[in-house]
Amino acid sequence: RPVSRKRSSAETEVSVAMSLTAPPSSAQKQRWDLRGMWELASVINFFNVFRPVLSLGFEFTTEELESALINPNSTLDDIHIALLKAIPPISRIALGHDTWVTVLCKKLKDWWPWVAEGPFPLAPYHGEEVGTYRVLGPETRVVILKALCEVRLDQDDLRNYIDNSLKQGAMFSTFRKERIGIDMLGNTYWYEHEPVAGQRLYRELQNSEGKVKFKGHGCAQSSPTTCIWETLATNVEEFQAVADKLASSRNKLETIIGRKVITDIIPELEELQKKRERALKRQQRQAVLLGSYLDGVGLSAGRSKRERKPVTYTFDDYDRSISEAIKLTKRRLSSPESSVRADSPSNGRDRNAGNAMASSHTKSVYHTEIRHRLSQDDISNSDSEFGNNAGSHRARQQCKSQRYSVYDFVEDVSDNEADA
């Protein structure tokens, strides 16, 4: 029967998506498994969207986050500490690289049924949870970090950030990622891009478990489906390879997705890669110039190797320098050159010059004495002349003003004292 033939063909029909990635090597197996988790994609999107509000204080790429989840390091510690600080209540335990796991257990155990599935993999027990976290697998660490991001998203500051951004005209796609395409098999393609973290191209595969069962007259009941997550590309070369495969597909929807990646996404990534290469070359040139400058002036990148004098807290050096200065002064005074200088003609000339100055000083004092006596005579004559005239009050005041002069305060110097 025609109907039965259609049913049999539908029962045997299997949907197979085109393979777009190559299998990983043994060294990249753990990283490949992480990239196959949608929880990791959710964590990356959370940090890309809310990075301005989280105030992490440091930058990290997606590859660095993957490496920290595989082998826990300080980057993973700093991420968890920054998230836990903003989640109430305030812990009595100081957040640090050795204590954040304990604080995580206490804050997340009550939230776990609301943000994750299954039992809570950590339980606070006298500090043993720190060692338990270190031995967990990377996939479990991703699930814990994703649950912590869910709790952090429920805080008031992030909710206010979303509301204020939407009121100011931000697109709703800023906070809810939109797919870039879907193929005929129902597989969805997603694109994640952030200048610091990097870029990713994902594919969400719809995998039907079991065969299609028909019920009644042509009515089909599909079996439950599971989601398979794939990371198709992480750099420009991988984006170009995936886009070429999609563009050459017989599926029209896949062809549209491939052309969209080629025209819209790859040029943007190439420009970003050129900027990174220019910045790297600039840093290398600066390092070379700095190294040549240090070599030219005789400096090195390490610590200075100059010798330092030992520090002493006594006055021995000071006393030694004073005694050496005194000895040097005495040696100069007792040397024959000082006596020759004393008997030299120049000293005679200096002595004659001193005598001449003394004689000139004596003469000036003599003339001063003469002027003083003349002024005294004039004052006495003026007193006798104006004494009879009592009405000349103005002249009397003038005489009084000339009665005392500067010469009265000059002492007489004899010739012997002048010569001395």
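The following paragraphs describe the packing, the aromatic contacts and selected residues of a predicted model.

Residues are numbered from 1 along each chain as its sequence is written, and side-chain values use heavy atoms, with hydrogens and water left out. Because the model is predicted, local features were accepted only at a pLDDT of at least 70 and side-chain atom pairs only at pLDDT 80 or more, whereas totals for chains, interfaces and linings use all residues.

The largest nonpolar core (a set of buried Ala, Val, Leu, Ile, Met, Phe, Trp, Tyr and Cys residues joined through side-chain atoms within 4.5 Å) has 49 residues, and those with the most contacts inside it are Phe47, Leu65, Leu83 and Leu122. Here, buried denotes a relative accessible area under 20%, exposed one over 50%, and partly exposed the range in between, with a 1.4 Å probe and protein chains only. Two or more residues come from each of H3, helix H4 (62-70), H5, helix H6 (100-108), helix H7 (112-115) and H9, where helices (H or I, at least four residues) and strands (E, at least two) are DSSP runs numbered from the N terminus. Helix H3 gives the most to this core, with nine residues. When residues up to four places away in sequence are not counted, Phe47 touches Leu54, Leu56, Phe60, Ile79, Leu83 and Cys149, a contact being defined by heavy atoms within 4.5 Å. Apart from the largest core lies another, of 17 residues, among them Leu232, Val236, Ile257 and Val261.

A search of the whole structure finds eleven aromatic pairs, the criterion being that rings of Phe, Tyr and Trp (its six-membered ring) have centres within 6.5 Å, with planes under 30 degrees apart counted as stacked, over 60 as edge-to-face and the rest as tilted. The rings of Phe50 and Tyr161 form an edge-to-face pair, because their centres are 6.2 Å apart and their planes lie at 65°. This pair links distant parts of the chain, with Phe50 in helix H3 (residues 38-54) and Tyr161 in helix H10 (residues 156-167), 111 residues apart. Phe50 counts as buried at 6% relative accessibility, whereas Tyr161, at 25%, counts as partly exposed. Tyr161 also forms an edge-to-face pair with Phe175, at 6.0 Å centre to centre and 85° between the planes; Phe175 lies in the loop between H10 and strand S1 (181-182), 14 residues from Tyr161. Phe46, Phe47, Phe50, Phe58, Phe60, Tyr161 and Phe175 form one aromatic cluster.

Two arginine side chains were also placed over aromatic rings, according to the criterion that NZ of Lys or CZ of Arg is within 6 Å of the ring centre and within 35 degrees of the ring normal. Arg51 lies over the face of Phe60, at 5.3 Å from the ring centre, and the charged end of Arg141 sits over the ring of Tyr133, 5.7 Å from its centre.

Arg141 is also one of the buried residues of helix H9, which include Val142, Ile144, Leu145, Leu148, Cys149 and Val151. The 16 residues of H9 (residues 138-153) should span 22 Å at 1.5 Å a residue, and the end C-alpha atoms are 22 Å apart, so the two values agree; the expected span is 1.5 Å times one less than the number of residues. Cys149 is buried, with a relative accessible area of 4%, and Cys105 is likewise buried, at 0%. The structure holds zero disulfides, a disulfide being a pair of cysteine sulfur atoms within 2.5 Å.

Individual polar residues were then examined. Asp77, found in helix H5 (residues 74-85), counts as buried at 6% relative accessibility and touches His97, Trp100 and Arg134, not counting residues up to four places away in sequence. Glu268, in helix H12 (residues 252-296), is partly exposed, with a relative accessible area of 39%. With residues up to four places away in sequence left out, Glu268 touches Tyr191 and His193, and its C-alpha atom is separated by 9.7 Å from that of Val236, 32 residues apart along the chain.

Two backbone features were noted in loops. A cis peptide bond with omega of about 0° joins Pro88 and Pro89, and Pro89 is found in the loop between H5 and H6. Ser55, in the loop between H3 and H4, has a positive phi of about 55° although it is not a glycine, and at 58% relative accessibility Ser55 counts as exposed.
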